[in-house]
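The following exercises concern helix packing, burial, backbone angles and a chain–chain contact. Each task is followed by a solution that proceeds step by step.

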Amino acid sequence: MTAPVLQVRDLQVRLSSPRGVVHAVRGVSFDVEAGHTHGIVGESGSGKTTLLRAILGLLPSNATAGGTISVSSRQVPLAGGRAKAVDGVSIVFQEPMTALNPVVRVGLQISEAPRFKLGLGRRDARNRALELMRLVGIPDPVRRFDAYPHELSGGFSQRVLIAIALSAEPKIILCDEPTTALDVTVQDQILKLFRRISEETGVAIVYVTHDLAVVAQTCRTVSVMYAGQFLESGTIDAVFGRPRHPYTLGLLAAVPDVSHGRTPLVAIPGSPPDLVSLAGGCPFLPRCSYGREECADGVFSLRSLNRHQSTACIRSDALSGSAPAREAEAS
Amino acid sequence: MTPPPILEARGLTKTFSSRRSVGDVVFRRPSEELQALEGVSFQVVRGESLGIVGESGCGKSTLARCLVGLYPPTSGQTVYEGTVFEHKRAFSDRKKIQIVFQDPYSSLNARMTIGQALREVLAVHKVVASDRVAARAVELLALVGLDSEIANVYPRQLSGGQRQRVNIARALAVEPEVLIADEPVSALDVSIQATVLNLLASLRERLGLTLILIAHDLSVVRYLCDRVAVMYMGRIVEMAPTETLFEDPRHPYTQALLAAAPSLERKSRDDARSIGGDPPSPFDLPEGCHFHPRCPMATDHCTTARPPLQEGPDDPGRQAACHYAWEPPPSHHSPLIPREPREENRR
């Protein structure tokens, strides 16, 4: 077993806002090994993006953070404000059209990091950029090198962003909903590209999305995030096949799937909690149908069930018999 | 014999012209034309739910707006119960077809309480007697599963799911026969989507609504619709009953869409059917079949002849716009891409 390239231990991030302190990330721990893809699923406001910014070393100035993050065994400074982005980590954003500089040719945007960060000469940097463009599947890179972002489609812009993310030879690529803005057929191409890149370059990928099916198709392991903490973690087969947290179970029953006809959808009642005024106890308790009195107090952090799975639910035994309805039907 | 359709689109075509600069006018440069809809025809019977799926830019939303009367079509007609709706619709005709928009955050007036917004619709359209307006607004909120207290709050105080319910209540206020939902859940969180989808399903049943659901998400359409039309670049390329379409898609584009849709269960990917390339620019559509540059089955015939939307030989309920939807390409049409590995995949 190799040492993980990314280690996050008990990460806490608090953001001060006019409404009070927002507890965006509350005690998150996980590891990602080289060449692996780890998915993080969560709804909007669950703290996914803040978690990524912490790993990138780019927390906003109103943030205070605790815990540790290490990338290739080097600690990431957690100070908020104008920190410097961490070496070896790069990010692919959701909106490919707005993440590129509209007045700089895409080739120059890709060769920027090789030139100024890796110290290559102008020509070497250009060759490196062309090589990366070929790697991410941009046909005719010599011609496209001189294109401006507006001349590219959404799918090609996203490929350019991935090339930029790869250009500084990172150990970890963070992906913040990279295909949400894309069409289904283009999304499929980009997901395949991520799989190929992690196989060919051995880079670790942290893939954040709200789409369970995308995670199931891209990642080997997954964590389910809710109200700033992980409620369940494990391999895809374990977490989606035998969920051991009522929230995961609820999500799986609430999402329609293309492979299914009219299996009735069961909505999760209520809405996610406000991260300003969080009480103690399990954050999912107000929406949980398995809740008991003992769920109202204490700290709910992940505990390991077996080699493949861990859950934050203290009543996970109550769930063990009840696989999601549609799984039972399918078999 | 099928019942007469409640709503019919007859050859709806919509062309937008690009904005022209002063220079374009001075030098008499022609404006570029974007064909958003190209001869879209379909019929919907009362109580049916029709899904319209396609990728961004395929003309789904333009179609919705033409049907509701927000855009005048360049040519073609919207026919409601046998009468043609002019673009400038009579006041009473506007009530028949209503729409729910995608973005629940921008489609409510931020300076009106929910109650005011609903009462305005009821009063303007004189749906109920003036002394019943307030009571009816509360009834409408109850219909979509919201408390009467919601009437006194402003949109900003509501969550996305609640706002979308309000939008549905507002559309239902005039008691329409046909409800068009344009991406009703794509802006909502996953755990909330199910509540809105289930609401639409139950409203359809309770009120006998005819539903036209526009979505890019195939799973949403499969969940709610009886019949599905797949659009690509302004045209319907395939239309069939939902289960038939998902189980046995005939158009290569439908096959590609289904192969590309991520699923929790399908672990092994049907890579043979997935496609490369991007959708073409709508200003510069390919000759012949719009899909031929990305199509794994295209032959030289497809580059010149545009296939019409045709019924299957032994299956009048399904239509596909592909030369080879019902039979494989004849040998004298040379394929653009070598086709051997695909043969086994075709049923």
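**Exercise 1.** Locate D140(A) among the elements of chain A, and determine what is notable about its phi.

*Solution.* Step 1: D140(A) is found in the loop between helix 4 and helix 5 (141–144) of chain A. The model is a predicted one. Step 2: the phi of D140(A) is near 55 degrees, which is a positive value in a residue other than glycine. Step 3: as background, most residues other than glycine have a negative phi. Step 4: D140(A) has 9 C-beta neighbours inside 10 Å, and therefore counts as exposed, since the limit for that class is 12 or fewer.

**Exercise 2.** Carry out the corresponding analysis for A227(A): where does it lie, and is it buried or exposed?

*Solution.* Step 1: A227(A) belongs to the loop between strand 9 (221–226) and strand 10 (229–235) of chain A. Step 2: although A227(A) is not a glycine, its phi is positive, about 50 degrees. Step 3: the count of C-beta neighbours inside 10 Å is 23 for A227(A), so this residue is buried; the threshold is 20 or more.

**Exercise 3.** Describe the surroundings of A113(A), including its contacts beyond four places in sequence.

*Solution.* Step 1: A113(A) is a residue of helix 3 (residues 106–116) of chain A. Step 2: because A113(A) has 22 C-beta neighbours inside 10 Å, it counts as buried. Step 3: once neighbours within four places in sequence are left aside, the contacts of A113(A) are L118(A), S167(A) and A168(A). Step 4: for A168(A), 55 residues apart from A113(A) along the chain, the separation of the C-alpha atoms is 5.4 Å.

**Exercise 4.** Classify the packing of helix 3 of chain A against helix 4 (residues 122–135) of chain A from the angle between them.

*Solution.* Step 1: the two helices pack at an angle of about 120 degrees, and their axes are 8 Å apart. Step 2: this angle makes helix 3 of chain A oblique to helix 4 of chain A. Step 3: the crossing of helix 3 and helix 4 of chain A is right-handed. Step 4: helix 3 of chain A contributes G107(A), I110(A), S111(A), P114(A) and R115(A) to the contact, while the residues from helix 4 of chain A include R122(A), R126(A) and R128(A). Step 5: sorted by class, the residues of this contact are six nonpolar, two polar and four charged.

**Exercise 5.** Apply the same procedure to helix 6 (160–172) of chain B and helix 7 (residues 190–207) of chain B.

*Solution.* Step 1: helix 6 and helix 7 of chain B pack at about 15 degrees, with axes 9 Å apart. Step 2: helix 6 and helix 7 of chain B are therefore roughly parallel to each other, the cut-off being under 35 degrees. Step 3: their crossing is right-handed. Step 4: the contact involves G160(B), G161(B), Q164(B), R165(B) and I168(B) from helix 6 of chain B, together with I192(B), T195(B), V196(B) and L199(B) from helix 7 of chain B. Step 5: these residues divide into four nonpolar, four polar and one charged.

**Exercise 6.** Which residues of helix 5 (residues 133–143) of chain B are buried, and how are they arranged about its axis?

*Solution.* Step 1: the buried residues of helix 5 of chain B include A137(B), L140(B) and L141(B). Step 2: viewed down the axis, the buried residues of helix 5 of chain B fall within an arc of 100 degrees, so they line one face of the helix. Step 3: this can be set beside a general rule: an α-helix has 3.6 residues a turn, so residues three or four places apart point the same way. Step 4: the face of helix 5 of chain B turned away from the buried side carries the exposed residues A135(B) and A142(B). Step 5: the cover over the buried residues includes helix 4 (114–124) and helix 6 of chain B. Step 6: after helix 5 of chain B comes G145(B), with a positive phi near 80 degrees.

**Exercise 7.** How many residues does each chain give to the contact between chain A and chain B, and which helix of chain A gives the most?

*Solution.* Step 1: chain A supplies 36 residues and chain B supplies 34 residues. Step 2: on the side of chain A, the elements giving two or more residues are helix 6 (154–167), helix 7 (184–201), helix 8 (212–218) and helix 10 (246–254). Step 3: helix 7 of chain A gives the most, with six residues. Step 4: the residues on this side of chain A comprise 18 nonpolar, 12 polar and six charged.

Technical notes:
Residues are numbered from 1 along each chain as its sequence is written. Chains are lettered from A and ligands numbered from 1 in the order in which they are written. This is a predicted model: local features need pLDDT of at least 70, side-chain atom pairs count only at pLDDT 80 or more; totals for chains, interfaces and linings use all residues. Helices (H or I, at least four residues) and strands (E, at least two) are DSSP runs, numbered from the N terminus. The arc is that of the directions from the helix axis to the C-beta atoms. Two residues are in contact if their C-beta atoms, placed from the backbone, lie within 7 Å. Ala, Val, Leu, Ile, Met, Phe, Trp, Tyr, Cys and Pro count as nonpolar, Asp, Glu, Lys and Arg as charged, and the others, Gly among them, as polar. Axes are lines fitted to C-alpha atoms, for helices over the stretch in contact, and angles run from 0 to 180 degrees between N-to-C directions. Angles under 35 degrees count as roughly parallel, over 145 as roughly antiparallel, 65 to 115 as roughly perpendicular and the rest as oblique. A crossing is left-handed if the near helix is turned anticlockwise from the far one by less than a right angle, and right-handed if clockwise.
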